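These are short notes for someone opening this entry for the first time. Please read them with the structure in view.

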Amino acid sequence: MTKVACIGECMIELREEADGRLSRGYGGDTFNTAVYLARLGTRTDYITALGDDSWSDELIAAWNKEGVGTQQVLRLPGRLPGLYIIQTDPKGERRFSYWRETAAARLLFQAPEAASVIESIGTYDLVYLSGISLSLYGESGRERLFDVLRDARSRGRRVAFDTNFRPRGWPDPEVARAAFRQAFECADIILASTEDLDLLFGDKGVDELLAFSDRAEIVLKHPDLTCRVLSQGEDILVPGKPAEDVVDTTAAGDSFAAAYLNARLSGETPRSAAAAGHRLAGQVVRYRGAIIPREAMP
């Protein structure tokens, strides 16, 4: 069976309700994708670092319950997971506030204890990470990550990269641009949005991405929900349908990525995979929080 590794950070999630109360959950972009991949039937492990505290114990238990493998989660004594709060406007658009500067996940590619976890990455059939993943590790950590990805590809493994660019995670925009270009070079599948590319590269963002279309499968999402897929010489457009009753757009892109990758790993065409991504994302935005109830899965 195909095995996928998702690399990144899962945080404690506090969601602000209409009356100002906070409800607790958990989430993070690549972790959200891991959950939806697991729910869709793809064997998926999450690769990250947590602390040795009760919050981290709770996360591990919850991930196992979702069917996400935790064998490669590094536990660091004295550290804690990150924390974020979601606030949503009447249209369901969200705003995030983070407390994550000292989170354990940031040390994944720096801690001496991580050697076996890092070595395991090359054993997976597909490795998935995002622009947010890149922002966690610092320059030396990123270089080690890129070395691992290049080694995995040299052994016939594949890499999927989701742009997910958040400016606050990159104090120096030029460092971000350089890191994303390295990620593009390492990726076999690139999931991107015109919004991310415009924020990062300006009006030349799409051109930056398409320069890699001769060697990578590219999935480019537009604001009108049209998805453009370039794969094996084909250039197709797959329209999406706006969801009714949008409550919270958190994890819309993460769930799209999960459904797309699951479909492609199952042998479906890019067009069919993009349609699957639209279907799942359209359901996810109808619920609050990153992870929807299992019974709400389409």
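1. The model is predicted. A length check on helix 5 (residues 138–154) comes out well: at 1.5 Å a residue, its 17 residues should span 24 Å, and the end C-alpha atoms are 24 Å apart, which agrees.

2. Which residues of helix 5 are buried? They are G141, R142, L145, F146, V148, L149 and A152. Viewed down the axis of helix 5, the buried residues fall within an arc of 160 degrees, so they line one face of the helix. The general background is that an α-helix has 3.6 residues a turn, so residues three or four places apart point the same way.

3. Turned away from that buried side is a face of helix 5 with the exposed residues E139, S140 and S154.

4. What do the buried residues of helix 5 pack against? Their partners are three strands, strand 1 (3–7), strand 8 (126–130) and strand 9 (158–162), along with helix 3 (115–120), helix 4 (131–136) and helix 6 (173–186). After helix 5 comes G156, with a positive phi near 90 degrees.

5. Elsewhere, 4 strands make an open sheet with mixed pairing, in the order 3-2-6-7. Strand 3 (22–27) and strand 7 (94–99) are the edge strands, each pairing on one side only. From one strand to the next the twist averages 25 degrees.

6. Within this sheet, strand 6 (residues 83–88) pairs with strand 7 in the antiparallel sense over 6 bridges. I85 has S97 of strand 7 as its bridge partner.

7. Helix 2 (residues 54–65) lies across strand 2 (11–16) and strand 3, and runs at about 65 degrees to strand 3.

How values were computed:
Residues are numbered from 1 along each chain as its sequence is written. This is a predicted model: local features need pLDDT of at least 70, side-chain atom pairs count only at pLDDT 80 or more; totals for chains, interfaces and linings use all residues. Side-chain values use heavy atoms; hydrogens and water are left out. Two strands pair if DSSP finds at least two bridges between them. Helices (H or I, at least four residues) and strands (E, at least two) are DSSP runs, numbered from the N terminus. Axes are lines fitted to C-alpha atoms, for helices over the stretch in contact, and angles run from 0 to 180 degrees between N-to-C directions. Contact means heavy atoms within 4.5 Å. The expected span of a helix is 1.5 Å times one less than its number of residues. Buried means under 20% relative accessible area, exposed over 50%, partly exposed in between (1.4 Å probe, protein chains only). The arc is that of the directions from the helix axis to the C-beta atoms.
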